[in-house]
Structure formats: C-alpha cells, structure tokens
Amino acid sequence: MQKGQIFKIHSDFYYVKSGEEAFECKLREVIKKQKQKVFVGDFVEFEDGAIVKILPRKNYITRPTVANIDQVIIISAVKEPELSFLQLNRYIAFAKYHNLKTVLCFNKNDLSDNDTMIEKVFSIYEPLEFDILFTSALEGFGLDEFKEILKDKTSVLCGSSGVGKSSLINAISGINLRTKEVSEKTGRGTHTTRHSEIITIAKDTRIVDTPGFSNLKFDFLLPHEVDTLFSEIYPYKDLCKFQDCLHINETDCAVKAHLGEIDMTRYESYIAFVEEAKEYKEKVKYQGVKTESTHKQTHSKTAVKISSRKRQSARNTQKQNIYKDIDHEELD
C-alpha cells in the first residue's frame, strides 16, 4: 500500500504525488458508496491505481475545496482591476472562519501612479496585524519577500480573476501557467485557472492555485455569527445592551459607539455579510437545510455512520424477528 497526496482532480481522475512520482488514480467503489468527499490536498492510501482510503485532514476550506494547508495568501490588484475592499474583506473573513493564517499580497504595484491606495491599505490592515506585501510580477518587485512567505509551507492563493495569481506563480517558479489580460470592456479579469492544483515550487514549498472566488457568499452561517469574523468588531460584542445585537440598527450598541475606531470599508463589508447571512437564516427557518453526516470522527479516526433511516430499518427488522420468535413459541 502506498501513501501520497492528491495534487489535482480532473473529471473522475485523481492525481496523486508520492515521493517524486505522480500517479493517475480512481476512487475505489467503497469510497464512492460511502459518499466521502475527496479534496485536492487530501493524503490517501492507494494501490494499483485505486485510492482505497482518505486519511484524516488537519483542516480544509470550501469554495474551492482544498485540504491540509498552512496559510491563505489573498492576492489583490492595486489597479486593473480596481481594488475592491468588499471583496478583499470577504476573503479575509472566509479565511478567519476556517481559522487560517492570512497574508495580504497586493500585486501590479507597477500600475500605481500614487501612494494613496498603498497608504490606505496599511492604515486599515496593519493595525489588524496582517502580514502585508506589495509585488509586481511584471517588474519583479517584492518577489523575494513573496518567496520567503511561501517557504516550507502549503499556501492557497486566492483572489478575483485578473489580479495576477498565475503571473506571480510564473515569475517565481519558471512554470508557464496560462494568463489573460483584464477585459477593457468590463474592467474585470477572466478565469484562466479552471481547477485547484498543488504546484511544487521547491522542496516543501507548495502553492495551491485556485479558480476565482466570484461566487463566495456568507450563506452558510447565521447573522449573529458574522461579527466573530471581524477582529475589530468582536471585542465590543459583549458590551452591547442586547445579546443578539447585530450592530446595525439596535440601540445601546457598543460597536456603533466605537465606529470612529473601525474603518468604514470594514464596517460596510460586515453589514453586507450580515445581509447574506440573513438569507441563510430564512432558508433554515422555512425550508430546513440540515443534512445528516455520513461519517463521524472519533479520536482522529473516521468511521462510516449508519443513517437514521437505516438504523430505524434495522430496529424494525429486529422487532419483527422478536415477534416471530414469540409467535413460534406460542405455537409450540
């Protein structure tokens, strides 16, 4: 039995790296029947071209799904496309939800004709203790610092299309990933990365190149949970008059009382995410979205769960057998 890590998934094929070799594998039928989710980054056991076991994950993110990572590097463009603080805060909150170290990288620094945007970035995010890096894949600016941040880690690069993720990877690795210019008509990038893939830059240094996160929404948590994703808002949470305060329209709100200490682009992003979470709350309230897990984790071991329907079926069968035994005894 061999062990390795899935570095790419394409259709029904799973590409596994084991040592210096790569293997094209398929899932064994038992894993398909268990409906286990399989992610890029998963460590697996395989033999004869078949993955037979998914090993426990230390972490994972969704949208896109990637497992066993050390940090998230959010790539934004200083210009072309214009920097969107809403989108940047969306990625930051998403990484915080998954409790992952986050680095902010601002690419295309060569296109900036003044320092106003750079100063604004530092004023907002430096007090929040983020590592901040400015780069230019075209001119080679900041690439040494970028390499140092990546060293000996598995890093997920995320960001909108057209910000230069693939160009940065090309610049530091010599790999020739496909890139595309930002559309003059829309001012937005187009997807050049079609699927998530782990790319080895150097020994123990790997990048997960991902498609754009254009569909990322906070439609998976409740409104009162959103403030936990903003480190400058959360400390005031317990000082509000109402326990379920959303810090928007409520009276005696400690967060609103301290808005002078919170950047407005951050607060506006918070409100936008609360509105998305309200949609999820309505969905839970009127439709019900709870699904039963097919696996359970016990002491770092993953086991297949028997569904409630099957458990009930088994109990019914057991009862029927008992009644049959009673009937036989009465006949005897």
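Where does Gly41 lie? Select this residue first in the predicted model: Gly41 is found in the loop that runs between α1 (29–34) and β4 (43–47).

**Around Gly41**

With Gly41 still selected, consider its surroundings. Gly41 counts as buried because its relative accessibility is 0%, and the cut-off for that class is under 20%. Next, add Ala67 to the selection. Although Gly41 and Ala67 are 26 residues apart in sequence, their C-alpha atoms are 4.6 Å apart in space. Then display the other contacts of Gly41: leaving aside residues up to four places away in sequence, Gly41 touches Gln5, Ile6, Asn68 and Ile198, as well as Ala67.

**Helices α2 and α3**

Move now to residues 85–97, which form helix α2, and to residues 116–125, which form helix α3. These two helices pack at an angle of about 35 degrees, and their axes are 13 Å apart. The crossing of α2 past α3 is right-handed. To see the contact itself, show the side chains of Phe85, Leu88, Asn89 and Ile92 in α2, which meet Met117, Lys120, Val121, Ile124 and Tyr125 in α3. By class, this contact comprises seven nonpolar residues, one polar and one charged.

**Colouring by confidence**

Finally, colour the protein chain by pLDDT. The mean is 83, with 78% of residues at 70 or more. Among the elements of the chain, helix α6 (residues 254–257) has the highest mean pLDDT, 97, and strand β14 (residues 295–298) the lowest, 50. Select residues 182–192 last: pLDDT is below 50 over this stretch, which nevertheless has 21 contacts in the model beyond near neighbours in sequence. Where pLDDT is low, predicted coordinates should not be read in detail.

Note on methods
Residues numbered from 1 in each chain as written. Predicted model: local features only at pLDDT ≥ 70, side-chain atom pairs only at ≥ 80, totals over all residues. Heavy atoms only, no water. Axes fitted to C-alpha atoms, helices over the stretch in contact; angles between N-to-C directions. Helix = DSSP H or I, 4+ residues; strand = E, 2+ residues; numbered from the N terminus. Left-handed = near helix turned anticlockwise from the far one by under 90°. Contact = heavy atoms within 4.5 Å. Nonpolar A, V, L, I, M, F, W, Y, C, P; charged D, E, K, R; others polar. pLDDT = per-residue confidence, 0-100. Buried < 20%, exposed > 50% of the residue type's maximum accessible area, 1.4 Å probe, protein only.
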